[in-house]
Amino acid sequence: MWEAGPVLDLDLLRADLVSAGYTLDGVQARLGEQALAALARNTTAAARRVLGDATDLQADAIRLWLLQLPVPAERLKGWGGLPGLLERGLLEVVGDDLRATVELKPHGSAARQGWICSDPIPLDGRAQQPRPDFVLGASPASTTLAQLVPQRHFGRVLDLGTGCGIQVLHLDADEVVATDLNPRALELAEISLGLSGVRADLRTGSLYEPVAGERFDLILTNPPYVIAPPGGSLVYREGGLAGDDLMREVVTGAAGHLAPGGSLVVLGNWAHLAGEPWQERLASWLAPTGCDALVVQREVLDPYEYIEIWLADAGLPGTDGYDASYGRWLDYFAALDITGVGLGWVLLRNAGREQPDVRFEDWPHQVAQPVGDALARHLDAVKAARTAESQLLAARLRCAPDVTQETYGLPGAADPQHIVLRQATGLCRAVAVDTALAAVVGACDGELPLGVLLGAVARLLEVDADALTADLLPRLRSLLADGLLEFTASHRNPTGSALEMPPTLEVDTKEQG
Ligand SMILES: C[S@@+](CC[C@H](N)C(=O)[O-])C[C@H]1O[C@@H](n2cnc3c(N)ncnc32)[C@H](O)[C@@H]1O
């Protein structure tokens, strides 16, 4: 009854998915919050209970593509696109049933609603080792990467290591080039993008090879960053280079592909080596790029934690090879002097600055997602934070509207022991300040020039105004760079960015905060 057909007609398939109600809204409404939460935990019992014996097309589509269950072929007769999926081996006939070999999942982003086609992960506690060319679907890492990208329109974008194409669904861009080393990833990405009505130029190849000589306004990637012993065969997570060399190549190689003002956004891992601060290692990657950089380390795992996570990801716990793999991985870390692994984000901006601004942060605390706009604002603010001293003193600043002040101290004490300025958005930074800095920031309401405020606070505290200015200016620059302080609207540039320098002001690169 069911025969493979040569052409995979994605328009027909999309039309049938929509008319069956197999859309994000449709599936959310059908399964409800609890069954969806259970599915997110990789268990299907709740969803199966909700569907019961229903035989409508929406129920069958959910069984086939979300729950990995067989569906009587007879019931899907006439669906467009299915012969093409059979031809490609993405559906198979088992007796009287159809069974999907991929997951086809409704997916929504701020930009659009669509579907992503990826390899299925084991459900209901089944143990299964991924195929070497496994194509990852929506994962916590892919969600985080999408949230690191500013929510705005881009010109040319490179999605390096696109996998199932999930990042492209989140982009608003004139042109997207999506690459992958794994041809199977591009095959599934083509389905995800085609079904979702998004266009991208799909190219096979490693790292920047497929885009030689090309430049982009944004490069985003969640590369195969897992630091693993040689011989690993899982292309979605292991780059096949020693240690964290693949991550380094992604970062260093970006410089030659960023258009002026263009940005790289990477989520990945880096090794902590015995006797070498992690910032120094990464600084050596960043220096050759000549770009402004912001590196945020979100977490550091010890070797045991790290190895156990990735052995579990490969489905090895409980298998005969587990101990040997664990031992080999530990030996590899020991041979490379790896004492831990940092997880985090690297952002580069091709700002064309003679002295790039490079900043490292350990920030394991909660952030307000999506954080991409705030990270981009930080890179924008570098210029503002470098305003020449005389101009900074003449500028009218204001405290950002999302900043609050917290004070801690002993009950009844005249002065607080600690004063903290806390942002409610972006990285949700908390900055400890002293009384003088808190007083100046508190007075920054955009009315008076900063120099006047510093003089007034110096008089109030009965200290020398020049000494106070010298003491506070570097920290005020830091608050500007972090977005806790802003130039007032009178200093807005024509595009309205409050953090942009007034066009008449000179930048003094010798005065870095
Ligand atoms: C962790 S997955 C990320 C997939 C997707 N971008 C996401 O956000 O979920 C890494 C992807 O990089 C691809 N990849 C592996 N080695 C690569 C290389 N040397 N060059 C380009 N892509 C590579 C893998 O096939 C995989 O699709």
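This passage looks at two parts of a predicted model: a small set of paired strands and the surroundings of a ligand.

Let's start with the strands. Strands of a sheet pair through backbone hydrogen bonds, and the pairing can be parallel or antiparallel. Here, three strands make up an open sheet, lined up in the order β15-β16-β17, and the pairing is antiparallel. At the edges sit β15, covering residues 403-408, and β17, covering 430-433; each of these pairs on one side only. Neighbouring strands don't line up perfectly either: on average they are turned by 25 degrees against each other, if direction is ignored. Between β15 and β17 in the order comes β16, which spans residues 418-423 and pairs with β17 through four bridges in the antiparallel sense. For a spot to look for in the structure, try Ile419, which stands opposite Val433 in β17.

Now for the ligand. Its surroundings include 17 residues, and the ones that come nearest are Gly161, Gln167, Asp180, Ser206 and Leu207. Sorted by class, this shell holds seven nonpolar residues, nine polar ones and one charged one.

Some of the contacts can be picked out atom by atom. A polar atom in the side chain of Asp180 lies 2.6 Å from an oxygen atom of the ligand. Ser206 also uses its side chain, with an N or O atom 2.9 Å from a ligand nitrogen. With Leu181 it is the backbone that takes part: one of its N or O atoms lies 3.5 Å from a nitrogen atom of the ligand. As for how covered the ligand is, it exposes 590 Å² when taken alone, and the protein buries 97% of that.

Terms used
Residues are numbered from 1 along each chain as its sequence is written. This is a predicted model: local features need pLDDT of at least 70, side-chain atom pairs count only at pLDDT 80 or more; totals for chains, interfaces and linings use all residues. Side-chain values use heavy atoms; hydrogens and water are left out. Two strands pair if DSSP finds at least two bridges between them. Axes are lines fitted to C-alpha atoms, for helices over the stretch in contact, and angles run from 0 to 180 degrees between N-to-C directions. A residue is near a molecule or strand if one of its heavy atoms lies within 4 Å of it. A polar contact is a pair of N or O atoms within 3.5 Å; within protein, one must be able to donate a hydrogen and the other to accept it, and residues adjacent in sequence count only if both atoms are side-chain atoms. Accessible areas come from the Shrake-Rupley method with a 1.4 Å probe; for residues, only the protein chains shown count as cover. Ala, Val, Leu, Ile, Met, Phe, Trp, Tyr, Cys and Pro count as nonpolar, Asp, Glu, Lys and Arg as charged, and the others, Gly among them, as polar.
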